[in-house]
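Let's take a walk through this fold, going from the overall layout to the helix pair, the core and a few individual residues. Have the model open and turn it as you read.

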Amino acid sequence: SIVIKKNGEVLVNKEKFSLNNFLEEFNLKYGNFDKNSLVYIGADKDIKYDLFMRVYSSVIKVGFTQIGLLTRWIFFYLLF
């Protein structure tokens, strides 16, 4: 699961990833995973759309095809 926090911090399975190098870091860590695995993305409602699309498109570029969006209560659960 990927969480994008209000301050722009990106967490993948609760591990902090650099936004500037997200594509490279995500690819290094998860590039060998089954591309049919389901990837969930949740984002704070106040983040800018382009930030969300930057993370979303990076997941697609790595090759994942099953991407789901997290609901609000699950998003908050993943933050803690």
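A residue counts as buried here when its relative accessible area is under 20%, as exposed when that value is over 50%, and as partly exposed in between. By that yardstick, buried residues make up 36% of the 80 residues in the chain. Keep in mind that what you're looking at is a predicted model.

Start with the layout. There are three helices and five strands in the chain, and reading along the sequence gives you the order β-β-β-α-β-α-β-α. How much of the contact map joins residues at least 24 apart? Taking contacts between residues at least 6 apart in sequence, 68% join residues at least 24 apart. One pair that shows this kind of separation is V3 and I41: they sit 38 residues apart along the chain, yet their C-alpha atoms are separated by 5.9 Å. V3 belongs to strand 1, and its relative accessibility of 4% makes it buried.

Now look at the helix pair. Two packed helices are described by the angle between their axes and the distance between the axes. For helix 1 (residues 22–30) and helix 2 (residues 49–62), the axes come within 9 Å and cross at roughly 40°. That angle is why helix 1 is called oblique to helix 2; roughly parallel would need an angle under 35 degrees. The crossing of these two helices is right-handed. On the helix 1 side, the contact is made by F22, L23, F26 and N27, while helix 2 brings V55, S58, V59, K61 and V62. Sorted by type, the residues of this contact come out as six nonpolar, two polar and one charged.

S58 deserves a closer look. This serine of helix 2 touches F22 and L23 once you set aside residues up to four places away in sequence. Is S58 buried or exposed? With a relative accessibility of 7%, S58 counts as buried.

From the helix pair, move on to the core. In soluble globular proteins, nonpolar side chains tend to be buried together. Here, the largest nonpolar core has 17 residues, and I2, F22, F26 and V59 are the ones that touch the most other members. Which elements feed this core with at least two residues each? They are strand 1 (2–4), strand 2 (10–12), helix 1, strand 4 (38–43) and helix 2. Helix 2 is the top contributor to this core, with five residues.

F26 gives you a handy viewpoint from inside. Ignoring its neighbours within four places in sequence, F26 is in contact with I2, V12, F17, G31, V59, V62 and F64. So I2 and V59, two of the core members with the most partners, are both on the contact list of F26.

Two tyrosines make a nice comparison. Y30 lies in helix 1 and is buried, with a relative accessible area of 9%. Beyond residues up to four places away in sequence, Y30 touches V12, N13, F17, K35 and F64. Y30 and V62 are 32 residues apart in sequence, with 8.2 Å between their C-alpha atoms. Y56, in helix 2, is partly exposed, at a relative accessible area of 26%. With the same sequence neighbours left out, Y56 touches I41 and I67. Y56 and I2 are 54 residues apart in sequence, and their C-alpha atoms are 9.5 Å apart in space.

Finish at the backbone. Most residues other than glycine have a negative phi. Now check the loop between strand 2 and strand 3 (15–17), where you'll find N13. N13 is not a glycine, but its phi is positive, at about 50°. K14 is in the loop between strand 2 and strand 3 too, and this lysine has a positive phi of about 70°. What about accessibility? N13 is partly exposed, with a relative accessible area of 46%, whereas K14 counts as exposed at 52% relative accessibility. N13 is also one of the residues that Y30 touches, which takes you from this loop back to helix 1.

Terms used: Residues numbered from 1 in each chain as written. Heavy atoms only, no water. Axes fitted to C-alpha atoms, helices over the stretch in contact; angles between N-to-C directions. Helix = DSSP H or I, 4+ residues; strand = E, 2+ residues; numbered from the N terminus. Parallel < 35°, antiparallel > 145°, perpendicular 65-115°, else oblique. Left-handed = near helix turned anticlockwise from the far one by under 90°. Contact = heavy atoms within 4.5 Å. Nonpolar A, V, L, I, M, F, W, Y, C, P; charged D, E, K, R; others polar. Core = buried A, V, L, I, M, F, W, Y, C linked by side-chain atoms within 4.5 Å. Buried < 20%, exposed > 50% of the residue type's maximum accessible area, 1.4 Å probe, protein only.
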